Amino acid sequence: PDGRFLLCNSGTVLRVSGTDEDDLKFHAALEPFVAAAVDPEAHAAFLVTRDGTLERYSYPEFKLQASHRIDIVPYQMAFDGKQGKLYVAGFDPRGVAEHPRARGFGDLFVYDVKELTVKKK
């Protein structure tokens with residue numbers, strides 16, 4: 001959101017710069033992820049990995065602070081820093097057996113990051 005970094009789903013973070021020699025230089029290596037949300041004001045970056053783990057990183061250092069298994073199949077997310085809410089679009093794989101003919105794209109899961117219990121890896 002602040003235009004300083006390019007996050008690639010492969011886990012590579014590149015620095016974005018106004019000068020050609022410094023543009024798209026390697027900044028950090030993260031786990032491969034499905035979705036990301038960054039809030040520079042909160043100094044936080046949130047990633048959801050392919051196995052359904054929510055990871056919180058410091059921003060702009062991209063140091064892992066905590067991780068938590070959320071047990072959904074995510075595909076998109078956004079963070080509202082003012083409310084402290086993380087919105088994750090995805091679906092619960094257990095619900096597929098109960099509603100196999102659903103025509104929607106999934107559900108919206110809301111996490112209060114202030115109350116979210118996270119565990120260090």
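A contact here means heavy atoms within 4.5 Å. With that in hand, let's work through some exercises on this predicted model.

## Exercise 1: The overall layout

Describe the protein through its contacts, its secondary structure and its surface.

*Solution.*
- Step 1. Begin with the contacts whose separation is 6 or more: residues 24 or more positions apart account for 34% of them.
- Step 2. Count the elements, which gives 1 helix and 10 strands.
- Step 3. Place them in sequence order, and the pattern reads β-β-β-β-β-β-β-β-β-α-β.
- Step 4. Turn to burial: 33% of the 121 residues count as buried.
- Step 5. Finish with the surface, where about 7700 Å² is exposed and carbon and sulfur atoms supply 51% of that area.

## Exercise 2: Thr49 and its surroundings

Find out where Thr49 sits, whether Thr49 is buried or exposed, and what Thr49 touches.

*Solution.*
- Step 1. Locate Thr49 in strand S5, which spans residues 44–49.
- Step 2. Compare its relative accessible area of 7% with the cut-off: buried means under 20%, so Thr49 is buried.
- Step 3. Look at the side chain, which makes a polar contact of 2.4 Å with the side chain of Asp51.
- Step 4. Set aside the neighbours within four places in sequence, and the contacts of Thr49 are Glu31, Pro32, Phe33, Val34, Glu55 and Pro74.

## Exercise 3: The salt bridges

Locate the salt bridges of the structure and work out which of their residues join into one network.

*Solution.*
- Step 1. Expect 3 salt bridges in the structure. As background, side chains of opposite charge can pair when their charged atoms come close.
- Step 2. Take Arg69 and Asp51, whose closest N and O atoms are 3.8 Å apart. Arg69 belongs to strand S7 (residues 64–69) and Asp51 to the loop between S5 and strand S6 (53–58), so this pair ties together parts 18 residues apart in sequence.
- Step 3. Check the exposure of this pair: Arg69 is partly exposed at 45% relative accessible area, and Asp51 also counts as partly exposed, at 45%.
- Step 4. Go on to Asp71, which forms a salt bridge with Arg69 at 2.8 Å between the closest N and O atoms. Asp71 counts as partly exposed at 36% relative accessibility.
- Step 5. Move to Asp112 and Lys85, whose side chains meet in a salt bridge of 3.7 Å, N to O. This pair links distant parts of the chain, with Asp112 in strand S10 (residues 107–112) and Lys85 in strand S9 (residues 85–91), 27 residues apart. Lys85 is partly exposed, at 25%.
- Step 6. Look for shared partners: they join Asp51, Arg69 and Asp71 into one network.

## Exercise 4: A sheet of 3 strands

Work out the order of the strands in the open sheet of 3 strands and identify the edge strands.

*Solution.*
- Step 1. Recall that strands of a sheet pair through backbone hydrogen bonds, either parallel or antiparallel.
- Step 2. Read the order as S8-S9-S10, with antiparallel pairing.
- Step 3. Assign the edges to strand S8 (73–80) and S10, since each pairs on one side only.
- Step 4. Add the turn between neighbouring strands of this sheet, which is 25° on average with direction ignored.
- Step 5. Zoom in on S9 and S10, which pair over 6 bridges in the antiparallel sense. In one of these strands, S10, Asp107 is the bridge partner of Gly90.

## Exercise 5: Loops and backbone angles

Examine Pro40, then describe the backbone at Pro60, Leu24 and Phe62.

*Solution.*
- Step 1. Find Pro40 in the loop between strand S4 (33–39) and S5, where Pro40 is partly exposed at 26%.
- Step 2. List its contacts beyond four places in sequence: Pro1, Asp2 and Tyr59. The C-alpha atoms of Pro40 and Gly81, 41 residues apart along the chain, are separated by 9.1 Å.
- Step 3. Follow Tyr59 to Pro60: the peptide bond between them is cis, with omega near 15°. Pro60 lies in the loop between S6 and S7.
- Step 4. Keep the usual case in mind: most residues other than glycine have a negative phi, and most peptide bonds are trans.
- Step 5. Look at Phe62, in the loop between S6 and S7, where phi is positive, near 60°. Phe62 counts as buried at 5% relative accessibility.
- Step 6. End with Leu24, in the loop between strand S2 (12–15) and strand S3 (25–29). Phi of Leu24 is positive, near 55°, and Leu24 counts as partly exposed at 46%.

Methods
Residues are numbered from 1 along each chain as its sequence is written. This is a predicted model: local features need pLDDT of at least 70, side-chain atom pairs count only at pLDDT 80 or more; totals for chains, interfaces and linings use all residues. Side-chain values use heavy atoms; hydrogens and water are left out. Helices (H or I, at least four residues) and strands (E, at least two) are DSSP runs, numbered from the N terminus. Buried means under 20% relative accessible area, exposed over 50%, partly exposed in between (1.4 Å probe, protein chains only). Accessible areas come from the Shrake-Rupley method with a 1.4 Å probe; for residues, only the protein chains shown count as cover. A polar contact is a pair of N or O atoms within 3.5 Å; within protein, one must be able to donate a hydrogen and the other to accept it, and residues adjacent in sequence count only if both atoms are side-chain atoms. A salt bridge is a side-chain nitrogen of Lys or Arg within 4 Å of a carboxyl oxygen of Asp or Glu. Two strands pair if DSSP finds at least two bridges between them. Axes are lines fitted to C-alpha atoms, for helices over the stretch in contact, and angles run from 0 to 180 degrees between N-to-C directions.
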